[in-house]
Amino acid sequence: MKHLLLVVLTILGITGSLRAQNVAVKTNLLYDATATINLGAEVLLAPKWSLDVSGNLNAWRVNDHSWKHWLLQPEARYWFCDHFSGHFLGAHLLGGQYNLGNLSGLPDFLGTNFSLLKDTRVQGWFVGAGVAYGYSWILGKHWNIEAEVGFGWAYTRFDRFPCTECGSKIEKDKPHHYVGPTKAALNLVYVF
């Protein structure tokens with residue numbers, strides 16, 4: 001979270017001033033529903049361009065299930081009409097680390113075998129990039145709701161363990177390429 005705060009403050013410093021309607025903060029309600037702490041900030045760079053940076057952290061276990069991760073996702077956005085309202089396209093980067101295990105009911109999806117997480121634990125890092133489409137609805141003078149979906153590629157390296165607690169490795173430093181959804185957001189936005 002310290003790194004995320006530093007990035008947000010740097011972005012705010014780059015813009016030079018905090019004039020009305022040039023800066024927004026947000027939370028992704030989809031991440032909130034999974035108990036993932038998240039915070040985003042968006043700054044206007046030009047009349048139709050903005051930079052959005054979001055960070056997410058889930059550092060706890062629920063029962064015997066591990067869904068620990070952190071993610072940082074900067075995105076350049078092009079607004080078709082006015083900034084912070086209407087349609088936009090985005091290009092984003094993503095990176096982070098994860099520790100996942102004892103998760104059942106997950107299907108194989110686009111070449112990634114998520115069903116392996118039922119009886120094993122994986123721990124690793126990832127980087128990637130993608131494109132996104134979104135729409136922002138104005139609710140009031142300072143409040144918006146924003147929906148966004150993204151698709152892209154991620155590269156990961158991970159170690160796999162036989163269970164959530166065990167320390168002996170089944171696989172070490174295994175590479176994997178993922179192609180599929182890289183972003184899903186339903187953001188509650190406050191525009192300054």
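**Exercise 1. Sort the lining of the largest cavity into nonpolar, polar and charged residues, and find where the lining comes from.**

Step 1. The lining of the largest cavity has four nonpolar, nine polar and five charged residues. Here Ala, Val, Leu, Ile, Met, Phe, Trp, Tyr, Cys and Pro count as nonpolar, Asp, Glu, Lys and Arg as charged, and the others, Gly among them, as polar.

Step 2. Before going on, know your model: it is predicted, so local features need pLDDT of at least 70 and side-chain atom pairs count only at pLDDT 80 or more, while totals for chains, interfaces and linings use all residues. Residues are numbered from 1 along each chain as its sequence is written, and side-chain values use heavy atoms, with hydrogens and water left out.

Step 3. Now the space itself. The structure holds one cavity of 30 Å³ or more, and the largest cavity has a volume of about 130 Å³. Of the 18 residues that line the largest cavity, Asn-28, Tyr-31, Ser-54, Ala-185 and Asn-187 are the closest to its centre. On a 1 Å grid over the protein atoms alone, a cavity is a set of points where a 1.4 Å probe fits but cannot get out, a pocket is an open set with protein on both sides within 12 Å along at least five of seven lines, and lining residues have an atom within 4 Å of a point. Grid points are joined across faces, edges and corners, and a volume is the space filled by probe spheres set on the points.

Step 4. Strand 1 (23–28), strand 2 (37–46), strand 3 (49–58), strand 5 (65–79) and strand 11 (171–191) each supply at least two residues of this lining. Helices (H or I, at least four residues) and strands (E, at least two) are DSSP runs, numbered from the N terminus.

**Exercise 2. Describe the largest pocket by its volume and by the classes of its lining residues.**

Step 1. The largest pocket has a volume of about 1,300 Å³. It is lined by 36 residues, and the closest to its centre are Trp-67, Leu-100, Phe-114, Tyr-178 and Pro-181.

Step 2. Several elements give two or more residues to this lining, including helix 2, strand 8 (112–113) and strand 9. Strand 11 provides the largest share, seven residues.

Step 3. By class, the lining of the largest pocket divides into 22 nonpolar, eleven polar and three charged residues.

**Exercise 3. Find the residues of the largest nonpolar core and the strand that gives the largest share.**

Step 1. A nonpolar core is a set of buried Ala, Val, Leu, Ile, Met, Phe, Trp, Tyr and Cys residues joined through side-chain atoms within 4.5 Å. Buried means under 20% relative accessible area, exposed over 50%, and partly exposed in between (1.4 Å probe, protein chains only).

Step 2. The largest core has eleven residues, among them Leu-71, Leu-94, Leu-100, Phe-126, Ala-154 and Tyr-178. Strand 6 (86–101), strand 9 (121–138) and strand 10 each supply at least two of its residues, and strand 6 gives the largest share, three residues.

Step 3. Another core, of six residues, lies apart from it, with Ala-24, Trp-79, Phe-88 and Val-189 among them.

Step 4. Zoom in on Leu-100. Not counting residues up to four places away in sequence, Leu-100 touches Ser-66, Trp-67, Lys-68, Leu-117, Thr-120, Arg-121 and Val-122. Contact means heavy atoms within 4.5 Å.

**Exercise 4. Why does Asn-144 count as buried?**

Step 1. Locate the residue: Asn-144 is in strand 10 (residues 143–161).

Step 2. Asn-144 counts as buried because its relative accessibility is 4%.

Step 3. Look at its partners. A polar contact of 3.2 Å joins the side chains of Asn-144 and Ser-136. Such a contact is a pair of N or O atoms within 3.5 Å; within protein, one must be able to donate a hydrogen and the other to accept it, and residues adjacent in sequence count only if both atoms are side-chain atoms. Beyond four places in sequence, Asn-144 also touches other residues, including Phe-84, Trp-137, Asn-187 and Val-191.

**Exercise 5. Which phi sign do Ala-35 and Asp-173 have, and where do they sit?**

Step 1. Ala-35 has a positive phi of about 60° although it is not a glycine. Its place is in the loop between helix 2 (29–33) and strand 2, and Ala-35 is partly exposed, with a relative accessible area of 42%.

Step 2. Asp-173 is not a glycine either, yet has a positive phi of about 55°. Asp-173 lies in strand 11 and counts as partly exposed at 41% relative accessibility.
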